[in-house]
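Reader: Could you walk me through one part of this model up close? I would like to hear about its salt bridges and the residues around them.

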Amino acid sequence: MKAPTMICFLVAVIAAMMVFMGQLPAATAVTCNYMELVPCAGAISSSQPPSGSCCSKVREQRPCFCGYLRNPSLRQFVSPAAAQKIASQCGVSIPQC
């Protein structure tokens, strides 16, 4: 797999993970950008645990998860198992969308 394709795939999988997570309080403003989850690429593509940077981005992007899940362009790359794994390792709960 070419590097740009792999990064896009990993970001999409991470975005899917974000969809399954809970949302932050409404007072917290966040810009939804699945590319913010690139630090999680290593944890998605291998058995290595997510980095601190990855978990920080997972928490930051929580309000966006349901939107990511509903995005048909991202859904084709979604791996619920990988999303659950990263969320669990980051201590982030999975939302009901």
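Author: Happy to; here is a look at the salt bridges, followed by the helix that takes part in them.

This is a predicted model, in which local features need pLDDT of at least 70 and side-chain atom pairs count only at pLDDT 80 or more, while totals for chains, interfaces and linings use all residues. Residues are numbered from 1 along each chain as its sequence is written, and side-chain values use heavy atoms, with hydrogens and water left out.

A salt bridge here is a side-chain nitrogen of Lys or Arg within 4 Å of a carboxyl oxygen of Asp or Glu. By this rule there are two salt bridges. In one, E36 pairs with K57, and their closest N and O atoms are 2.6 Å apart. That pair links distant parts of the chain, as E36 lies in the loop between α1 and α2 and K57 in helix α3, 21 residues apart. Helices are DSSP runs (H or I, at least four residues), numbered from the N terminus.

K57 also forms a salt bridge with E60, with the closest N and O atoms 3.5 Å apart. These two are three residues apart in helix α3, so about one helical turn separates them. Through shared partners, E36, K57 and E60 are joined into one network.

E36 is partly exposed at 28% relative accessibility, and E60 is partly exposed at 30%; buried means under 20% relative accessible area, exposed over 50%, and partly exposed in between (1.4 Å probe, protein chains only).

Helix α3 spans residues 52–60, and its C54, C55 and V58 are buried. They cover an arc of only 95° around the axis, which puts them on the same side of α3; the arc is that of the directions from the helix axis to the C-beta atoms.
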